[in-house]
Amino acid sequence: MTTATLDYINRLMQRIGIHYRFMEWKTKPPDEYYFVGEYFENPSPTREENGRQDITFILRGFTRGNWMALEEAKGKIEAYCGITAILPDGTGIAIFYDSAQPVPTADNQLKSIKINLQIQEWKVNR
């Protein structure tokens, strides 16, 4: 995954009003909800041939408030996915909503949801 794609996701979350950070939230989190993101790259047997990398991007949302805050945020994320873009470094990306699942936590007050996005990234040879 390129840093250009990570930057695009950060700007996308800002644009749709989702409190988001990559990997960890280092300051006091917002009262309503917040999300952190991580990824894993799926093996690509044709990467050398066509430059395509398939990526699963995982958004984890957290709140100490109402479950509906996470559900509403999920709806915003789902509505904005299904997008394609050519990034400033020439990388082409496509981002698709895949699935979501409430996730139990050890803290009864803390609610969490996991949202999976599928990203296809095409890098040009330099």
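The accessible surface of the protein amounts to about 7300 Å², and 50% of this surface belongs to carbon and sulfur atoms. These values, like those that follow, were computed from a predicted model. Buried residues account for 40% of the 126 residues in the protein. As for charge, there are 15 positive and 16 negative side chains, and the centres of these two sets are 4 Å apart.

The overall dimensions were examined next. Along the principal axes, the C-alpha trace of the protein spans about 50 × 25 × 25 Å. For 126 residues, a compact globule would have a radius of gyration near 14 Å, so the 15 Å found for the protein agrees with that expectation. Among the contacts with a separation of 6 or more, 59% join residues that lie 24 or more positions apart.

The protein contains three helices and six strands, and these elements follow one another along the sequence in the pattern α-β-β-α-β-α-β-β-β. Several of the elements come together in the largest nonpolar core, which has 28 residues and in which Met13, Ile18, Phe35, Phe57, Leu59 and Ile77 have the most contacts. At least two residues of this core are supplied by each of α1 (3-15), β3 (52-63), α3 (67-80), β5 (92-103) and β6 (111-122), and the element that gives the most is α1, with six residues. In soluble globular proteins, nonpolar side chains tend to be buried together. One of the core residues, Ile18, illustrates how parts of the chain meet: when residues up to four places away in sequence are not counted, Ile18 touches Met13, Tyr33, Phe35, Ala73, Lys76 and Ile77.

Strand β6 also holds Asn116, a residue that counts as buried because its relative accessibility is 12%, under the 20% that serves as the limit for buried residues. Leaving aside residues up to four places away in sequence, Asn116 touches Thr56, Phe57, Ile58, Tyr97, Asp98 and Ser99. Of these neighbours, Phe57 is also among the residues with the most contacts inside the largest nonpolar core.

Two further residues were considered for their surroundings and for how far they lie from residues elsewhere in the chain. Thr105 is placed in the loop between β5 and β6, and with a relative accessibility of 27% this residue counts as partly exposed. Apart from residues up to four places away in sequence, Thr105 touches Leu110 and Ser112. Although Thr105 and Phe62 are 43 residues apart along the chain, their C-alpha atoms are separated by 9.9 Å. Glu78, by contrast, is found in helix α3, where its relative accessible area of 41% makes this residue partly exposed. The C-alpha atoms of Glu78 and Ile115 are separated by 9.2 Å, while the two residues are 37 positions apart along the chain.

A last point concerns the backbone at Met23, which lies in the loop between β1 (20-22) and β2 (34-41). Most residues other than glycine have a negative phi. Met23, however, has a positive phi of about 70 degrees although it is not a glycine. The relative accessible area of Met23 is 49%, and this residue therefore counts as partly exposed, given that a residue is called exposed when the value is over 50%.

Note on methods:
Residues are numbered from 1 along each chain as its sequence is written. This is a predicted model: local features need pLDDT of at least 70, side-chain atom pairs count only at pLDDT 80 or more; totals for chains, interfaces and linings use all residues. Side-chain values use heavy atoms; hydrogens and water are left out. Helices (H or I, at least four residues) and strands (E, at least two) are DSSP runs, numbered from the N terminus. The radius of gyration is taken over C-alpha atoms; the globule rule is 2.2 Å times the number of residues to the power 0.38. Buried means under 20% relative accessible area, exposed over 50%, partly exposed in between (1.4 Å probe, protein chains only). Contact means heavy atoms within 4.5 Å. Accessible areas come from the Shrake-Rupley method with a 1.4 Å probe; for residues, only the protein chains shown count as cover. Lys and Arg count as positive and Asp and Glu as negative; His and the chain ends are not counted. The place of a charge is taken as NZ of Lys, CZ of Arg, CG of Asp or CD of Glu. A nonpolar core is a set of buried Ala, Val, Leu, Ile, Met, Phe, Trp, Tyr and Cys residues joined through side-chain atoms within 4.5 Å.
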